[in-house]
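Visitor: I have not met this structure before. Could you take me through it?

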Amino acid sequence: MKKEETREELKYRVLIIYDITEDKPRIKLSKLLSSYGTRVQKSAFEANLNKKQYEKLIFELDRYVGREDSIRVYKMYEDSEVITYGKVDEAVFDEVIIV
């Protein structure tokens, strides 16, 4: 296996939070983020991404930010701990589902 392929297999647990003032870019951003992960709160998404997916997401985010807006991306590694209180969606970080 090539060294580059091994890096691709590394998964990042990513939390994206945002505050976008205009409706149109906010809706477009939430649709984009839905294609990468799962909404966990109104303006927060979680995703499990490999390096290539992560880099593509980061490249795409800039177009959604206006002068008064902000997007924050927290990149954590596979062994990062997430503690959740209240409603929990256990399926968010499942790697494989066999039917």
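**A first tour**

Guide: Of the 99 residues of the protein chain, 24% count as buried. Keep in mind that this is a predicted model.

Visitor: In what order do the elements of the protein chain run from the N terminus on?

Guide: The secondary structure comes to three helices and four strands. Read from the N terminus, the order is α-β-α-β-β-α-β.

Visitor: How many bridges join strand 1 to strand 3?

Guide: Strand 1 covers residues 11-19 and runs antiparallel to strand 3. Tyrosine 12 stands opposite leucine 49 in strand 3. The number of bridges joining strand 1 to strand 3 is seven.

Visitor: Which residue in strand 3 is the bridge partner of threonine 38?

Guide: Look at strand 2, residues 38-41, which runs antiparallel to strand 3. Three bridges join these two strands, and a hairpin of two residues connects them. Within strand 3, the partner of threonine 38 is glutamate 46.

Visitor: Is strand 3 largely enclosed or largely open?

Guide: Strand 3 spans residues 44-50. Buried means under 20% relative accessible area. Six of its seven residues are buried, so the rest of the structure leaves strand 3 largely enclosed.

Visitor: How are the rings of tyrosine 18 and phenylalanine 45 arranged as a pair?

Guide: The count of aromatic pairs comes to two. In the pair of tyrosine 18 and phenylalanine 45, the ring centres are 6.4 Å apart and the planes are at 25°. Planes under 30 degrees apart count as stacked. That angle falls under the cut-off, so the pair is stacked.

Visitor: How many residues apart are tyrosine 18 and phenylalanine 45?

Guide: Tyrosine 18 belongs to strand 1 and phenylalanine 45 to strand 3. Both residues are buried. Their pair links distant parts of the chain, and the separation is 27 residues.

Visitor: Which residue has its charged end over the ring of tyrosine 12?

Guide: We met tyrosine 12 opposite leucine 49. A charged end sits over the tyrosine 12 ring, 4.7 Å from the ring centre. That charged end belongs to lysine 75.

Visitor: What share of the contacts with a separation of 6 or more comes from residues 24 or more positions apart?

Guide: The pair of tyrosine 18 and phenylalanine 45 already linked distant parts of the chain. Now take the contacts in the protein chain with a separation of 6 or more. Residues 24 or more positions apart account for 73%.

Visitor: How much of the exposed area do carbon and sulfur atoms supply?

Guide: The protein chain exposes about 7900 Å². Of that area, carbon and sulfur atoms supply 49%.

Notes. Residues are numbered from 1 along each chain as its sequence is written. This is a predicted model: local features need pLDDT of at least 70, side-chain atom pairs count only at pLDDT 80 or more; totals for chains, interfaces and linings use all residues. Side-chain values use heavy atoms; hydrogens and water are left out. Buried means under 20% relative accessible area, exposed over 50%, partly exposed in between (1.4 Å probe, protein chains only). Two strands pair if DSSP finds at least two bridges between them. Rings of Phe, Tyr and Trp (its six-membered ring) pair if their centres lie within 6.5 Å; planes under 30 degrees apart count as stacked, over 60 as edge-to-face and the rest as tilted. A charge sits over a ring if NZ of Lys or CZ of Arg is within 6 Å of the ring centre and within 35 degrees of the ring normal. Contact means heavy atoms within 4.5 Å. Accessible areas come from the Shrake-Rupley method with a 1.4 Å probe; for residues, only the protein chains shown count as cover.
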